[in-house]
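Welcome, and please open your viewer. We will go from stop to stop, and at each one you will hear what to select and what to look for.

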Amino acid sequence: MKRKVKGLQRILKVRDTQKKLKEMALAKAGNHCAVLEHNADRIRKLQIETLSDVQAVNADMLSARMELSGRLVDAERSIEASMEKARQDFAHAERQNLAARTTYEGTEKLLHSNLRKARKAEIFKTDVRHNILYNIGNNRKKDRRDDG
């Protein structure tokens, strides 16, 4: 039983490490989503600022604003695609984190159950050894062996 408990303790340590790694991956995915959303916000504000002041001094300035506006639209599209991928990665990381936590908790419950069983078995062994009726029977057997 002790060997089984020791094995479960090692497995629990591995599960704990897996759980921590999944939590770190979840935090990293969450941070990545937040950064992308912040960048998308900045692009939208810059696009609004570029289009709000439409006065152009000359044709070159107007052309530059139009080109910048086009590039900002392209950047917004690409960041939206990146945000969708990041959200999917975040959802995947959440599922992995939940699975790791569930596995860890199940292993922990199994370990505690086995520890309780081992303690009960030890208590039973010590109780049986100190039980007078049990020892009387053992002493009779011992006496018969000595007489024989």
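Before you select anything, here is a term for the tour: a residue is buried when its relative accessible area is under 20%, exposed when it is over 50%, and partly exposed in between (1.4 Å probe, protein chains only). The model is predicted, so local features need pLDDT of at least 70 and side-chain atom pairs count only at pLDDT 80 or more, while totals for chains, interfaces and linings use all residues. Residues are numbered from 1 along each chain as its sequence is written, and side-chain values use heavy atoms, with hydrogens and water left out.

**The whole chain**

Show the chain as a cartoon. You should find 3 helices and 0 strands, in the order α-α-α along the sequence. Helices (H or I, at least four residues) and strands (E, at least two) are DSSP runs, numbered from the N terminus. Of the 148 residues, 18% count as buried. Now switch on the surface: the chain exposes about 11,700 Å², and carbon and sulfur atoms supply 55% of this area. Such accessible areas come from the Shrake-Rupley method with a 1.4 Å probe; for residues, only the protein chains shown count as cover.

**Stop one: Arg44 and its partners**

Side chains of opposite charge can pair when their charged atoms come close. A salt bridge is a side-chain nitrogen of Lys or Arg within 4 Å of a carboxyl oxygen of Asp or Glu. By this rule the count is 9 salt bridges.

Select Arg44 and Asp41, whose side chains form a salt bridge at 3.4 Å, N to O. Both residues sit in helix α1 (residues 2–52), 3 residues apart, about one turn of the helix. Arg44 is partly exposed because its relative accessibility is 30%, and Asp41 is partly exposed too, at 38%.

Keep Arg44 selected and add Glu80. Their side chains meet in a salt bridge of 2.9 Å, N to O. This pair links distant parts of the chain, with Glu80 in helix α2 (residues 59–130) and Arg44 in helix α1, 36 residues apart. Glu80 has a relative accessibility of 31%, so it counts as partly exposed.

**Stop two: along helix α2**

Next, select Arg71 and Glu67. How far apart are the closest N and O atoms of their salt bridge? They are 2.8 Å apart. Arg71 and Glu67 both lie in helix α2, 4 residues apart, about one turn of the helix. Arg71 counts as exposed because its relative accessibility is 57%, whereas Glu67, at 43%, is partly exposed.

Now select Asp41, Arg44, Glu76 and Glu80 together: salt bridges that share partners join these residues into one network.

**Stop three: Gln47**

Select Gln47, in helix α1. Is Gln47 buried or exposed? At 13% relative accessibility, Gln47 counts as buried. Leaving aside residues up to four places away in sequence, Gln47 touches Ser69, Leu72, Val73 and Glu76. Contact here means heavy atoms within 4.5 Å. In the chain, among contacts between residues at least 6 apart in sequence, 85% join residues at least 24 apart.

**Last stop: Val35**

Finish at Val35, also found in helix α1. Val35 is partly exposed, with a relative accessible area of 47%. Add Met83, which is 48 residues away along the chain, and compare positions: the C-alpha atoms of Val35 and Met83 are separated by 9.4 Å.
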